[in-house]
Amino acid sequence: MNKRYGVIGTGAIGGYYGAKLARSGQEVHFLLRSAYEYVKEHGLQIDSCDGSFHLDAPHVYKSTEEMPPCDVVLVCLKTTTNGRLSSLLPPLLKPNTLVVLIQNGIGVEADVQKMFPEVQLAAGLAFICSAKDGLGRVNHQCYGHINFGNYSCRDAQCLQDVLDDFNAAGIKAGQVAYEEARWKKAVWNMPFNGMTVALNTQTDLLLQHPSTRQLIREQMMEVIGAARHLGVENIDETFAELMIKMTDEMTPYSPSMKLDFDYHRTMEIDYLYTKPLQMAREAGFRMPKLEMLEAELRFLGNQ
């Protein structure tokens, strides 16, 4: 039996995953803001390295109050706007709705759980190069797989059903222990998001220069050291090497924080840097190179 999906944040991530699910036959409802009128009239276009496609008549809405209650809600907003969830989520919730936070950073679920103590939450960790490319258009450049970590989902079968739906839609999906999933994503996010901003560059050039390649690796090892100090398992030096290899093979890419900086939007510093750095310090572990990067980002964010 198909689930009804809701997507909050129909951009590079929500637009791609939501459209793939809809194309596979799932019932998907999209929340849109500035692009609502355009997508209502013209549909949603996904330009993808895995095969482009178009949704002619997606279910689109200007507000969640107009949307039906959903079995699964994919939250794909930037964490800088998570305060809006207190009003956005309630119209979509049923007693057993699963909310999947496909967002960057550490500590996101804990803060959303405080807003909604009874709501079932899971983390969605997307490994994807994708960008919003104009009204109603998503440019999916490479990769696309996603890991799910169970934060407070009481129904294991529900989460398994979501994984099955993603895989059936042609999205490689797996389940990983929650803390492991979040910290593994941070191994890539913390070095590359901030460094592309601080040095005004893209991922490929950071790895092509020997000095910054070494620095990226050292930053990754700081994240791995913090994770292991906090008791996270299945994360070691080999994972850093895997992330570097994956990025070497990746299309030259500007991560989400670089795009936010370029377009003068608020950067996601709190969950990407401040909270994990604080957690590590409180556990007696320091990440000095990433602490310096956070300070640089705070400075640039105030310009």
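**Reading helices and strands in a predicted model**

Colleague: At 1.5 Å a residue, what should the 20 residues of helix α8 (residues 210-229) span, and how far apart are its end C-alpha atoms?

Modeller: The expected span of a helix is 1.5 Å times one less than its number of residues. For α8 the expected span is 28 Å, and the end C-alpha atoms are 28 Å apart, so the two values agree. Helices (H or I, at least four residues) and strands (E, at least two) are DSSP runs numbered from the N terminus. This is a predicted model, in which local features need pLDDT of at least 70, side-chain atom pairs count only at pLDDT 80 or more, and totals for chains, interfaces and linings use all residues. Residues are numbered from 1 along each chain as its sequence is written, and side-chain values use heavy atoms, with hydrogens and water left out.

Colleague: Which residues of α8 are buried, and what covers them?

Modeller: Buried means under 20% relative accessible area, with exposed over 50% and partly exposed in between (1.4 Å probe, protein chains only). In α8 the buried residues are T212, I216, R217, Q219, M220, E222, V223, I224, G225, A226 and A227. Their cover includes α6 (178-198), α7 (203-208), α9 (237-248), α11 (269-282) and α12 (288-301), judged by contact, that is, heavy atoms within 4.5 Å. After α8 comes G231, which has a positive phi near 95°.

Colleague: How many residues of helix α1 (residues 14-23) are buried, and which residue just after α1 takes a positive phi?

Modeller: Helix α1 is mostly covered, with 8 of its 10 residues buried. The buried residues are G14, G15, Y16, Y17, G18, A19, K20 and L21. Just after α1, G25 takes a positive phi of about 110°.

Colleague: Turning to strands, are the faces of β7 (residues 98-101) covered or uncovered?

Modeller: In a regular strand the side chains alternate between the two faces of the sheet. In β7, L98 and V100 lie on one side, V99 and L101 on the other, and all four are buried, so that both faces are covered.

Colleague: Which strands pair with β7, and do they run parallel or antiparallel to β7?

Modeller: Two strands pair if DSSP finds at least two bridges between them. Strand β6 (residues 72-75) is joined to β7 by 4 bridges, and the two run parallel; V72 stands opposite L98. Strand β8 (residues 120-132) also runs parallel to β7, with 4 bridges between them, and here V99 of β7 stands opposite L121.
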